[in-house]
Amino acid sequence: MAEEVHLGLPGPWAADYREKADHYTTKIGGVPDWPAGDMGIKPEMLQCSLCGAKLCLVAQVYAPVVKLNIEERVIYVLVCPTPECGPKSQSWKVLRVQRCGNVEKTEGGNDELGQATGPSSTSVPEEQIDKNKSPDINDDDFDLDALAEALEQAATLASNSKKKNKSKRASAPIKRPVLKEKTDDLSIPVLPCFYIYYDKEQYRGKGTMGSSSNELVLDKEITDTTNDEEEKWEGEKYEYDKAIGADRTFLKFKKRLDAYPEQCFRYSYGGKPLLAATKLQDAGTCRLCGSSRQYELQLMSPLSYFLHEASDDCSNYAASSWTWLTLIIYTCSKSCCPSSCGGKPCSCCWGVAEEEIMIQEDEAV
């Protein structure tokens, strides 16, 4: 069975680039929403390896692993804000933050990424539930009007939630005039911030992109493309050299990028990366447990386009110096416990581990 690929697509812009959210929030830019105050993050983890400057957040991805029963897990991608360091691989860092041990599951379901969604927004109001839970309740005491009103409110919320979360194409993040609490630390450099919604990658008209039969169709189309004229992005109007004689790996990369020109990242835990070039260094092993690393997600170049277009006086750094086509992130295949508790039963410690990031450049620049 082919791995599903979930695309991180641009949602609304943050009203303020420094506004706080929570660690369940997946977003681009802004400030990191750490799940706890003391997680054992060493200062050097948040500093550039080249110049020592504070790193800024590029992406925050809530990424639980259901098959390993790990619900509290977040991936943070950070970069040095200086134009001199930003394009260099040593200035990028990936932190895996997760809570270890056997902890009680929170109320709520799972979305298509296997994420714990938390309390349902369609629940009947708690005070209404408590009133109707009395063991001495009878038909005379039962307030049907109140219950009907509560259920109507819940149905309205459910309808609005479905409309809001329905998969859709977005050409760019949209402005959202909702004010939230801002971080107090103004020394943290920030990139423009927008939120992410997910959509499964589909091969248009032929089912899911990853199936073997569709891979053959894709390969045929790539071969045919070498005899066609230059293709351009529909959404962002990026231009590339003519495809004649171009590398097949890059052509496959470009074709999937063209299909969803707004994709900011691709997520497929344990799947295969979409390579822009054939050369890719070894991901190595986990620094904590020695297990092999596996692919988890990759950032895509439209992300840098959106950040560059939104850069203004509110942002410390414009992404104009980035020349990469994709940033590929590998994490511990066992998602081992990074905390000092070692994942012992009944413990609920937060910990942090540094993972591997690989850059594939646009060699034409």
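Which residues do ring pairs link into a cluster? In this predicted model, the cluster consists of Trp13, Tyr17, Phe194, Tyr305 and Phe306, joined by ring pairs.

**Aromatic pairs**

The structure holds 12 aromatic pairs. A pair of aromatic rings is described by the distance of the centres and the angle of the planes. The table gives these two values for two of the pairs.

| Pair | Centre to centre | Angle between planes | Class |
|---|---|---|---|
| Trp34 and Tyr76 | 4.5 Å | 45° | tilted |
| Tyr305 and Phe306 | 5.8 Å | 65° | edge-to-face |

Trp34 and Tyr76 form a tilted pair. Trp34 belongs to the loop between β2 (27-28) and β3 (56-62), whereas Tyr76 sits in strand β4 (residues 73-79), so the pair ties together parts that are 42 residues apart in sequence. Trp34 is partly exposed, at 29% relative accessibility, while Tyr76 is buried, with a relative accessible area of 0%.

For Tyr305 and Phe306, the planes stand at 65°, so the pair is edge-to-face. Tyr305 has a relative accessible area of 21% and is partly exposed; Phe306 is buried, at 3%. Both residues belong to the ring cluster that also includes Trp13, Tyr17 and Phe194.

**Strand architecture**

The strands form a closed barrel of 10 members with antiparallel pairing, in the order β1-β6-β2-β3-β4-β5-β12-β11-β10-β9. Within this barrel, strand β12 (residues 350-361) has 9 of its 12 residues buried, so it is largely enclosed by the rest of the structure. On one side, β12 pairs with strand β5 (residues 92-99) in the antiparallel sense over 6 bridges, and Val97 stands opposite Val352 of β12. Strand β11 (residues 324-332) also runs antiparallel to β12 and is joined to it by 6 bridges; here Tyr330 has Glu356 of β12 as its bridge partner.

Elsewhere in the barrel, strand β1 (residues 6-13) and strand β6 (residues 194-200) run antiparallel and are joined by 6 bridges. Leu7 has Asp199 in β6 as its bridge partner.

**Helices lying across the strands**

Helix α4 (residues 248-259) lies across β9 (265-267), β10 (293-300) and β11, and runs at about 95° to β11. Helix α5 (residues 302-310) lies across β1, β2, β3, β6, β10 and β11, with an angle of about 40° to β10.

**Cysteines**

How many disulfides does the count come to? The count is 0. A disulfide is a covalent bond between the sulfur atoms of two cysteines. Cys56 is in no disulfide, and its nearest cysteine sulfur, that of Cys80, is 7.7 Å away. Cys56 is buried, with a relative accessible area of 1%. Cys85 is likewise in no disulfide; the sulfur of Cys51 is the nearest cysteine sulfur, 3.8 Å away. The cut-off for a disulfide is a sulfur pair within 2.5 Å. Cys85 counts as buried, at 8% relative accessibility.

**Confidence**

The mean pLDDT of the protein is 74, and 59% of its residues reach 70 or more. Over residues 103-112 the pLDDT is below 50, although the model gives this stretch 23 contacts beyond near neighbours in sequence. A further stretch, residues 155-170, stays under 50 in pLDDT and has 17 contacts beyond four places in sequence. Where pLDDT is low, the predicted coordinates should not be read in detail.

Terms used: Residues numbered from 1 in each chain as written. Predicted model: local features only at pLDDT ≥ 70, side-chain atom pairs only at ≥ 80, totals over all residues. Heavy atoms only, no water. Phe/Tyr/Trp six-rings, centres within 6.5 Å; stacked < 30°, edge-to-face > 60°. Helix = DSSP H or I, 4+ residues; strand = E, 2+ residues; numbered from the N terminus. Buried < 20%, exposed > 50% of the residue type's maximum accessible area, 1.4 Å probe, protein only. Pairing = 2+ DSSP bridges. Contact = heavy atoms within 4.5 Å. Axes fitted to C-alpha atoms, helices over the stretch in contact; angles between N-to-C directions. pLDDT = per-residue confidence, 0-100.
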